[in-house]
Amino acid sequence: MCANNVRAQNDDSYTHAMDSAINIANNATDSLLRLEALDYISHNHQNVDSTLKYSQIEVSIANTLGDYIRMVAALRIIAWCYYYNYDYKTANIYYFKALDVCDSVQYKKGMGLCYHSIANTMAMMSNFTEADKYDYRALQIFYELNDTSNISEIYRSLGLMYADYQLYNTAEEHFSKALELDILQNNTKKIADDYRHFSVTLMSKYEDLLQDSLIEKSRSYGLKGYKLIKQVGDEFDIMIVCQNLMRIYFTYAINKTGDLRQQLMDSSRMFFNIGHHVAQKNGFLEQSCDFKLQEARYAIADGNFDTAYKMITTADKMFERDSSAFFLMDLYLVYYEYFEAIGNNRKAYEYLCKRTDLKDEFLSKNFSLYASKSSVQSEFDDMLTQISLDDQKKRIKEMEEYKLQRTINGSAIGLIILLLIFISTIYRGRRHKLQLSKILEQRVEEVETQRNQLEVINMQITESITYAQRIQNSILTQKTTLENIFGPMLLLWKPLEIVSGDFYWGTQIGNRKLFAVVDCTGHGVPGAFMSMLGVRALSDITASASSNIATTTAADILNSMRDNVITSLHQTEQNSMTLDGMDMAIIILDSDSSELQYAGAFRPLIIIRGEKTIELKADKMPVSFMKIDERPFRNNIINMQKDDVVYMFSDGIPDQFGNKEDGSESKFTTRRLVKLLQTIHDKPFDEQQQIILEKLHQWRTNEGGNFAQTDDIVLCGFRI
């Protein structure tokens, strides 16, 4: 399974969705609805223990409902949780349970996935004979299903295993098969993985043969993989590629002198820094140990022997003695390099012997991989005589052509057919030329007429929406009105599709200044309808409360807004599947006492006071019907100071996609927005708006990106 269950996800939208799913999973009475929620949690939760807990519940419900596909998926996730925590025996127990379920209902793809997972777990327990056997069983099934994606995955897995046993030529054959299939599928991520595996195998081959041509090829493949993985991979993928490249450049540098050695060492350190940062940030233990050993190698090369020994012993303590043979071999090798460098030949020889003994034990433990093919491999080879790789290519091409054919517009197909008929008549004679020409002209006229009609309709719709924009602009509280109340303001409002589901609103009643930022469900015309409902509701609620505004709180208004939305949209327990509603932040500022009240539904309030940033967090409830959680919104009170700057915003800016400096795709995030506001809060608001727009443009076009706006945007601010 993938590792994004445990990678940090800080987006507000993720938190909102996960909280809602957990509420449904724990409290819903509809089993199907609970199963959907549990499936979402088990595939997306960032905590392994929680993933394990909810996956076990999912297995029980899926079994009751007879949903064996979900049951198998949940069992495999449970197995992955144990695998992630290095409990490989328990992981295999659950993989075999999943396999039994697949076998009982003849779920072939599930059987193939389980076989492959079992093979991976066997490999982690250094039982490569069994791993080899189960991977070939998986390969048989995926060939029967013509599942090219998983076929290439198994070839990659087998290639890695043969490379571990120094069967380099066999390993390269398997990687070549995987690469050929991945290129046919145009799967950039897998092509990058194939390049990396070629690079690692050639590097291992170089360490045995010490031929410069091998390390040059290894470096070439490694850089190809790095270039591709930066485009399509996540942080973990980039870290693994950087691990490989730091070793290649370091190994190459050790045997060189002068400027070339320094250049190669600098390249090694560059990839070390990128990968080490990812390992530390995400808590990847095994990779952190590997980077610690590499850090020791740098210290040895620089003559910093005390530092080197400290790094080695730290890595040694980070892993228990049941750690993988590969890690221990690396550990013993670095001990050997250290003791040799300080002139302690006895100790160096001792660790060299330890490494040699461990390597011999490792290679002899599964000697059958050297000796002869297993019965499963032979059975697979027999099958391949009937299903060749050329057949696979042909099937893939046929599938791609079929998909392409289905995407062609129907009217275009008709026109192409007519043209083909017209061309064919040239060879049959000219008897029907005039008749076919007239038909063709007719069809062309019809297509032209339809195109013109569509253009007119499109123009009318655009004009209508543009007119709706003018109406929406007039409904929004005018900037001059707001600046008469709050003074100079930042009012950044950028609809995604002419009209917007995000809006701002403000008014003053006596000495109370009210302001709200609202993010409605959807955008475009549906969002605009919701925004009109929101503006009307705020106006009605505040008008009703004007007589007792001194005792009305921000939370009171937010609670009334929720009641209004539920009533207006007829949201009840029976039709609560509709998620239409609003996220909202509202404040009431007492101009006499400078006391500010704030209430929020998923939208925070940011106050910047000099060098200090105060964030008031919102309640994790929407302004709409919510069966599970109907508690009142919290009312937050804070005493404001002169020159405090108040910011309120929708999730529009945080959700904009772009590229980080390392080229990886990411959202802008609330954290990055707040950091930007901290640096510009003391500037005039017009200048702030210009800087924010420039930063957003830079974010969407960084590292060659070309990301379009993904959501409505509203960001407002004022100074006390």
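**Strand pairing and helix packing in the predicted model**

Strand β6 (residues 605-609) and β7 run antiparallel and are joined by five bridges. One pairing in this ladder sets Ile606 opposite Glu615 of β7. The model described here is predicted.

Both strands belong to an open sheet of five strands. The strand order is β1-β12-β9-β6-β7, and the pairing is antiparallel. Two strands stand at the edges: β1 (489-494) and β7 (612-616). Each has a single partner strand, so one side of each is left without a neighbour in the sheet. On average, neighbouring strands of this sheet are turned by 15° against each other, direction ignored.

A further set of pairings involves strand β3 (residues 512-520). Strand β2 (residues 502-509) pairs with β3 in the antiparallel sense, over eight bridges. Within that pairing, Tyr504 has Val517 of β3 as its bridge partner. The hairpin of β2 and β3 has two residues between the strands. Gly510 in this hairpin takes a positive phi near 65°. Strand β3 also pairs with strand β4 (residues 582-590). This pairing is antiparallel too, and it spans nine bridges. Here Val518 is matched with Met584 of β4.

How is β3 placed relative to the rest of the structure? Nine of its nine residues are buried, so β3 is largely enclosed by the rest of the structure. The burial covers both faces of the strand. Arg512, Leu514, Ala516, Val518 and Cys520 point one way. Lys513, Phe515, Val517 and Asp519 point the other way. The buried residues of β3 thus include charged side chains, among them Arg512, Lys513 and Asp519.

Burial also marks helix α7 (residues 128-144). The helix has 17 residues and reaches 24 Å from its first C-alpha to its last. That span is close to the 24 Å expected at 1.5 Å a residue. Twelve of the 17 residues are buried, so α7 is largely enclosed by the rest of the structure. Aromatic positions among the buried residues include Phe128, Tyr134, Tyr136, Phe142 and Tyr143. Also buried are Ala131, Ala138, Leu139 and Ile141, together with Asp132, Asp135 and Gln140. After the helix comes Asn146, with a positive phi near 55°.

Two helix pairs were examined for packing. Helix α12 (residues 235-254) and helix α13 (residues 258-282) pack at an angle of about 155°. Their axes are 8 Å apart. The angle makes α12 roughly antiparallel to α13, because angles over 145 degrees count as such. The crossing of α12 and α13 is left-handed. Residues of this contact divide into 18 nonpolar, four polar and three charged.

The second pair is formed by helix α3 (residues 48-65) and helix α4 (residues 68-84). These helices pack at an angle of about 155°, with axes 8 Å apart. That makes α3 roughly antiparallel to α4. The crossing of α3 past α4 is left-handed.

A single residue completes the account. Phe327 lies in helix α16 (residues 325-341). Its relative accessible area is 6%, which means that Phe327 is buried, the cut-off being under 20%. Asp316 is eleven residues from Phe327 along the chain. The C-alpha atoms of Phe327 and Asp316 are separated by 9.5 Å.

Note on methods
Residues are numbered from 1 along each chain as its sequence is written. This is a predicted model: local features need pLDDT of at least 70, side-chain atom pairs count only at pLDDT 80 or more; totals for chains, interfaces and linings use all residues. Side-chain values use heavy atoms; hydrogens and water are left out. Axes are lines fitted to C-alpha atoms, for helices over the stretch in contact, and angles run from 0 to 180 degrees between N-to-C directions. Helices (H or I, at least four residues) and strands (E, at least two) are DSSP runs, numbered from the N terminus. Angles under 35 degrees count as roughly parallel, over 145 as roughly antiparallel, 65 to 115 as roughly perpendicular and the rest as oblique. A crossing is left-handed if the near helix is turned anticlockwise from the far one by less than a right angle, and right-handed if clockwise. The expected span of a helix is 1.5 Å times one less than its number of residues. Buried means under 20% relative accessible area, exposed over 50%, partly exposed in between (1.4 Å probe, protein chains only). Two strands pair if DSSP finds at least two bridges between them.
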